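Dear colleague,

I am passing on the structure we spoke of, and I would be glad if you could look through it alongside my notes.

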Amino acid sequence: IAAGRLVFVRGGTLIAQPIDPGSGRLPVDGVPFDAGVPFASVANYAPVTISASGVLVYGGAGQGSLAVTQLTWFDREGKRLGTVGVQGPVRDPALSPDGRAVVFGRVSTSGADLWLRALDREVEQRFTADSGVVNLEPTWSPRGDRIAFRSGSDLLEKRAEGSGVAQVLMEGGPLKSPTDWSRDGRYLVFTDQGAKTSLDIWFLPRDSPGRKPVPFLQSASNEFFARLSPDSRWMAYASDESGRSEVYVRPFP
């Protein structure tokens with residue numbers, strides 16, 4: 001709410017609704033600003049913000065999964081240093097632990113595949129080739145020899161050089177999205193959609209074969225973007241428990 005208006009997204013359309021903050025009444029109908037504004041229901045997020053003086057900034061049409069983006073280097077002060085590869089519908093870039101390669105998703109109308117780019121040689125190779133399947137959200141192992149990723153609703157793992165067949169870690173059910181791999185290689189952290197609990201945080205022990213996934217946090221709220229501390233003693237994650245997305249930290253495991 002700013003400048004006497006409530007700004008929100010309804011069905012992909014950005015609307016500015018005049019409102020009387022004192023009475024809570026709506027004196028007139030809302031005015032549609034733009035259609036095609038993306039909204040992420042998982043994180044309860046829309047790219048919209050408004051200043052106290054009424055200046056509105058938002059991401060409009062063309063900001064969806066097929067939006068043209070560019071991998072870009074920045075330093076710690078925010079200075080733009082250069083670009084990587086060509087522009088396109090690129091998503092979910094992840095740097096290798098040694099910083100010599102980047103894996104990223106390239107989205108099309110039929111799905112999405114992962115590509116691997118050697119930064120020192122500027123050479124790209126296709127990492128997945130599954131027609132009609134969405135392969136995204138790659139996460140490197142701490143040694144940089146394997147990459148876990150989401151393939152459809154399954155959780156897979158494949159050798160980083162691209163050889164061999166991907167190993168299925170978990171399959172079936174809702175989407176399973178890997179978010180982190182512990183520095184010691186023992187735990188693979190992922191998000192899963194619970195039947196009664198929305199998005200939850202789980203981890204898969206990797207230090208012994210046959211281990212089953214373990215729930216870390218299950219609640220009526222959405223928990224996502226989980227990351228382990230370098231010593232694996234803490235888990236940082238986002239949650240909409242308060243009504244908006246905020247960052248929390250809990251001891252692990």
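Below is what was found, beginning with the whole chain and going on to particular side chains.

Please keep in mind throughout that this is a predicted model. The protein chain has 22 strands and zero helices, and of its 253 residues 37% are buried. Among the contacts in the protein chain with a separation of 6 or more, 26% are accounted for by residues 24 or more positions apart. The accessible surface of the protein chain comes to about 14,400 Å², and carbon and sulfur atoms hold 52% of that area.

On charged side chains, the structure holds ten salt bridges, one of which joins Asp120 and Arg100 at 3.2 Å, N to O. Asp120 belongs to the loop between β10 (111-118) and β11 (123-126), while Arg100 belongs to the loop between β8 (90-95) and β9 (101-108), so this salt bridge ties together parts that are 20 residues apart in sequence. Both Asp120 and Arg100 are exposed.

A salt bridge in another setting is formed by Arg117 and Glu124, whose closest N and O atoms are 2.9 Å apart. Here Arg117 is buried, because its relative accessible area of 10% falls under the 20% limit, whereas Glu124, with a relative accessible area of 27%, is partly exposed. Arg117 and Glu124 also belong, together with Arg106, to a network of salt bridges. Arg106 has a further partner of a different kind, since it lies over the face of Trp115, at 4.8 Å from the ring centre.

Arg146 and Glu157 form a salt bridge as well, with their closest N and O atoms 2.4 Å apart. This pair links distant parts of the chain, as Arg146 is in strand β13 (residues 146-151) and Glu157 in strand β14 (residues 154-159), eleven residues apart. Glu157 is buried, with a relative accessible area of 2%. As for Lys158, its charged end sits over the ring of Phe127, 5.0 Å from the centre of that ring.

Turning to the aromatic side chains, the structure holds eight aromatic pairs. Tyr187 and Phe203 form one that is edge-to-face, with 5.4 Å from centre to centre and 85° between the planes. Tyr187 lies in strand β17 (residues 187-194) and Phe203 in strand β18 (residues 198-205), so the pair ties together parts that are 16 residues apart in sequence. Tyr187 and Phe203 are both buried.

In the pair made by Phe216 and Phe252, the ring centres are 5.7 Å apart and the planes stand at 45°, so this pair is tilted. It links distant parts of the chain, with Phe216 in strand β19 (residues 214-217) and Phe252 in the segment after β22 (246-251), 36 residues apart. Phe216 is buried at a relative accessible area of 14%, and Phe252 likewise counts as buried, at 7% relative accessibility. Ring pairs link Tyr187, Phe203, Phe216 and Phe252 into a cluster.

Finally, on the surface, Val31, Phe33 and Tyr58 make a nonpolar patch of about 270 Å². Of these residues, Phe33 has its place in strand β3 (residues 31-35), and at 47% relative accessibility Phe33 counts as partly exposed.

With best regards

Conventions
Residues are numbered from 1 along each chain as its sequence is written. This is a predicted model: local features need pLDDT of at least 70, side-chain atom pairs count only at pLDDT 80 or more; totals for chains, interfaces and linings use all residues. Side-chain values use heavy atoms; hydrogens and water are left out. Helices (H or I, at least four residues) and strands (E, at least two) are DSSP runs, numbered from the N terminus. Buried means under 20% relative accessible area, exposed over 50%, partly exposed in between (1.4 Å probe, protein chains only). Contact means heavy atoms within 4.5 Å. Accessible areas come from the Shrake-Rupley method with a 1.4 Å probe; for residues, only the protein chains shown count as cover. A salt bridge is a side-chain nitrogen of Lys or Arg within 4 Å of a carboxyl oxygen of Asp or Glu. Patches are made of residues with over 30% relative accessible area and no salt bridge: like charges are joined within 9 Å, nonpolar side chains (Val, Leu, Ile, Met, Phe, Trp, Tyr) within 5 Å. Rings of Phe, Tyr and Trp (its six-membered ring) pair if their centres lie within 6.5 Å; planes under 30 degrees apart count as stacked, over 60 as edge-to-face and the rest as tilted. A charge sits over a ring if NZ of Lys or CZ of Arg is within 6 Å of the ring centre and within 35 degrees of the ring normal.
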